[in-house]
Amino acid sequence: LSTIASDLLEDFETDQSSRKEWVDTYVDGLKLLGMKYEDRTEPWPGACGVFYPLLSEAAVRFQAESIMETFPASGPVKTQIVGALTKEKEDAAERVKDDMNYRLTEEMPEYGPEHEKMLWSLALAGSAFKKVYYDPSLGRQISIFIPAEDIVVPYGASSVERAERVTHVMRKTPNELLKLQEAGFYRDVELGDPSGELDDIEKQKAEEQGMSAIQDERFRLLEMNVDLDLKGFEDKNKKGKPTGIALPYVVTIEKGTGKVLAIRRNWYEGDKLHLKRQHFVHYQYIPGFGFYGYGLIHLIGGYAKSATMLIRQLVDAGTLSNLPGGLKSRGLRIKGDDTPIAPGEFRDVDVPSGSIRDNILPLPYKEPSQTLYTLFQQIVQEGRAFASSGDMNVSDMSATAPVGTTLALLERQLKVMGAVQSRMHFSMKQEFKLLKNIIADYAPEEYSYEPEDGSPSARKSDYDNVDVIPVSDPNASTMAQKVVQYQAALQLAQTAPQLYDLPLLH
């Protein structure tokens with residue numbers, strides 16, 4: 001066990017080092033969110049410390065649009081029948097849809113909030129993860145959000161499915177860990193006190209929330225999905241001889257002490273191919289060169305930084321213009337010369353020689369530059385357009401324009417966001433498949449509620465010929481697109497009504 005832990009911890013440190021530049025970029029981007037005002041002492045105490053919230057604005061818009069599309073009040077799941085259509089399959093599909101939507105909206109109260117957190121993190125970091133598993137302490141399936149920084153893979157990994165090593169960094173309080181040890185989920189070993197380790201991303205996130213991240217009083221566990229050739233559990237060929245092939249396991253290590261808490265088989269019992277079970281779903285905003293996707297921090301982080309610099313210069317220029325400083329001769333004495341002169345106030349002055357004008361030289365501060373303001377507006381506009389968070393100028397669209405023209409303009413404006421929604425739709429489909437398999441394995445004989453139509457309850461057999469897919473539409477990310485698409489279909493239906501189901505279109 002000590003050898004396994006030592007080797008895996010060394011591999012984990014190598015994996016972390018390979019993504020250091022990604023972490024640094026992410027930390028710098030978090031500083032630009034504008035959640036906290038910066039108290040500056042340079043170039044003078046009290047200089048403008050505002051952040052322009054370009055990143056936050058785009059992330060909030062994406063989160064709001066996506067949650068309405070992917071998680072409507074009635075539930076996020078619809079069904080698709082595999083194979084030939086029959087009345088029995090249609091009834092089973094309806095029961096499966098009702099069952100899963102009930103579970104996701106009522107039985108799993110954490111799903112909605114976890115999904116919203118995932119959307120926020122996805123927009124900023126470019127990658128976010130869901131972990132789907134059966135929780136024995138709750139007695140049901142669960143799907144939790146994992147931020148990108150807590151999933152560590154080796155350099156060169158193309159996907160979470162093909163990575164030779166996937167590490168989930170978990171944090172558990174001493175009491176949570178003790179419960180799991182008493183339940184037999186982890187080995188009953190002495191771990192001492194938590195190491196209190198904090199990484200740069202945790203510190204920056206805490207600072208953005210206005211909290212002080214000094215020490216973490218939780219244990220840091222590394223749950224590593226790896227391939228191992230364990231002594232005594234070797235893969236054997238038909239002749240019963242070891243092949244040397246490494247098999248998939250889940251190894252949990254406490255990072256502070258380096259002690260192994262659990263090693264579990266990660267393939268279905270009886271599977272002769274030893275195919276690795278998947279527990280993680282990778283959501284990507286924009287796929288990039290490597291494993292992690294690109295988010296708003298990478299795409300418009302430069303625009304946000306430039307807009308912040310320009311708005312600070314404009315505010316500081318206004319401050320200097322309203323309260324200008326300057327030079328005065330040493331012999332000039334002004335009563336209370338350390339405080340600014342209030343409106344309507346006249347102060348006594350002792351002038352050594354000549355007029356006051358000859359003893360005071362105001363520095364030539366200018367009003368805020370119109371050129372800088374124009375540049376600031378241009379940068380914000382381009383940043384919003386790149387992030388697809390700008391508002392469409394509806395007034396420029398003619399009310400008498402054909403539906404096809406309107407649809408073309410809408411799709412051109414929303415093309416980038418449409419692609420992001422399509423990727424999210426695909427990832428949600430993978431997540432629902434994992435949930436479906438777990439629900440089917442533990443499917444009860446009866447519903448935990450009474451269906452409205454009095455139909456029989458969903459059983460394990462109901463899930464066999466039914467595929468579950470998200471209720472979101474990957475071809476239309478907004479209601480405006482859907483309405484215009486339906487209008488286009490109605491126009492087509494007028495030319496050949498016999499080919500269309502007009503009540504359905506309406």
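## Two antiparallel sheets and their cores

Strand 4 (residues 151-152) pairs with strand 5 in the antiparallel sense, over two bridges. This is a predicted model. Within that pairing, Val152 has Thr167 of strand 5 as its bridge partner.

Strand 5 spans residues 165-172 and is mostly covered, with seven of its eight residues buried. Strand 5 also pairs with strand 6 (residues 219-228), again antiparallel, over eight bridges. There, Lys172 stands opposite Phe219 of strand 6.

**The five-stranded sheet**

These strands belong to an open sheet of five, ordered 4-5-6-7-8, with antiparallel pairing. Strand 4 and strand 8 (259-265) are the edge strands, and each pairs on one side only. Strand 6 is joined to strand 7 (residues 247-254) by eight bridges in the antiparallel sense. In this pair, Asp227 faces Pro248 of strand 7.

Two helices pack on this sheet. Helix 1 (residues 2-18) touches strand 4, strand 5, strand 6, strand 7 and strand 8. Its direction makes about 100° with that of strand 6. Helix 6 (residues 174-182) touches strand 5, strand 6 and strand 8. The direction of helix 6 makes about 115° with that of strand 5.

**The three-stranded sheet**

A further open sheet has three strands in the order 3-2-9, paired antiparallel. Strand 3 (140-147) and strand 9 (280-284) stand at its edges with a single partner strand each, so one side of each has no neighbour in the sheet. From one strand to the next, the twist averages 20°. Strand 2 (residues 127-135) and strand 3 run antiparallel and are joined by eight bridges. Lys130 has Phe145 of strand 3 as its bridge partner. Helix 5 (residues 111-125) lies across strand 2, strand 3 and strand 9. Helix 5 runs at about 155° to strand 2.

The helix angles are set out here.

| Helix | Reference strand | Angle |
|---|---|---|
| Helix 1 (residues 2-18) | Strand 6 | about 100° |
| Helix 5 (residues 111-125) | Strand 2 | about 155° |
| Helix 6 (residues 174-182) | Strand 5 | about 115° |

**The nonpolar cores**

The largest nonpolar core has 73 residues. Phe62 and Leu296 have the most contacts inside this core. Helix 12 (residues 415-441) gives the most to it, with 10 residues. Beyond its neighbours within four places in sequence, Phe62 is in contact with Leu119, Leu122, Ala123, Tyr285, Met417, Val420 and Met424. A second, separate core has 17 residues, among them Met224, Tyr249, Val251 and Ile253.

Technical notes:
Residues numbered from 1 in each chain as written. Predicted model: local features only at pLDDT ≥ 70, side-chain atom pairs only at ≥ 80, totals over all residues. Heavy atoms only, no water. Core = buried A, V, L, I, M, F, W, Y, C linked by side-chain atoms within 4.5 Å. Buried < 20%, exposed > 50% of the residue type's maximum accessible area, 1.4 Å probe, protein only. Helix = DSSP H or I, 4+ residues; strand = E, 2+ residues; numbered from the N terminus. Contact = heavy atoms within 4.5 Å. Pairing = 2+ DSSP bridges. Axes fitted to C-alpha atoms, helices over the stretch in contact; angles between N-to-C directions.
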